[in-house]
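User: I'm new to this structure. Can you walk me through how to read it?

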Amino acid sequence: MSYPFHNNSRSRKYDRLGHLETEVSEVTSLLRDDVEKVVGRGERIGDLQDRTEDLSASSQEFRKAAVRVKRKACWQNCRLTCIIILVVAAIIAVIVIVVVVEKPWDKSSDDHHKNSTLMIKGP
């Protein structure tokens with residue numbers, strides 16, 4: 001004798017088992033995708049870390065070069081200032097020497113002295 005309830009129960013078990021296998025297959029597929037994403041992310045993180053180290057080394061080199069350029073510019077500025085001071089001092093010295101040697105204020109008294117001497121020697 002065949003029991004319809006018994007066959008129906010068995011088919012439900014198989015349907016449920018098939019459904020569970022489908023769900024397990026989907027979950028397994030999702031987990032594989034997630035693992036691949038994590039591995040890809042790890043590779044990208046490794047690349048990013050390498051690039052970060054390269055950028056850090058480049059920034060240190062840039063900082064050293066900037067300090068060298070700053071020192072060189074400061075030294076050139078100091079040299080230019082010293083040259084300007086020396087030129088101004090030389091011009092002032094030349095003016096002072098010309099004024100001291102020529103004594104323009106004594107020319108009028110010297111001319112007056114010569115004229116008065118000529119008058120005395122006169123007839």
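Analyst: Here's a short tour, going from the whole chain to its surface patches. This is a predicted model, in which local features need pLDDT of at least 70, side-chain atom pairs count only at pLDDT 80 or more, and totals for chains, interfaces and linings use all residues. Residues are numbered from 1 along each chain as its sequence is written, and side-chain values use heavy atoms, leaving out hydrogens and water.

User: How many helices and strands are there in the protein?

Analyst: Helices (H or I, at least four residues) and strands (E, at least two) are DSSP runs, numbered from the N terminus. Here you get two helices and zero strands.

User: What share of the 123 residues is buried?

Analyst: Buried means under 20% relative accessible area, exposed over 50%, and partly exposed in between (1.4 Å probe, protein chains only). In this protein, 0% of the 123 residues are buried.

User: Which residues make the nonpolar surface patch?

Analyst: Patch members have over 30% relative accessible area and no salt bridge, with nonpolar side chains (Val, Leu, Ile, Met, Phe, Trp, Tyr) joined within 5 Å and like charges within 9 Å. A salt bridge puts a side-chain nitrogen of Lys or Arg within 4 Å of a carboxyl oxygen of Asp or Glu. Leu80, Ile84, Val88, Ile92, Val96 and Val100 make this one, about 520 Å² by the Shrake-Rupley method with a 1.4 Å probe. Ile92 sits in helix H1 (residues 4-102) and is partly exposed at 49%.

User: And which residues form the negative patch?

Analyst: Asp and Glu count as negative. Glu43, Asp47, Asp50, Glu53 and Asp54 form the patch; Asp47 is in helix H1 and is partly exposed, at 47% relative accessibility.

Technical notes. Charge placed at Lys NZ, Arg CZ, Asp CG, Glu CD.
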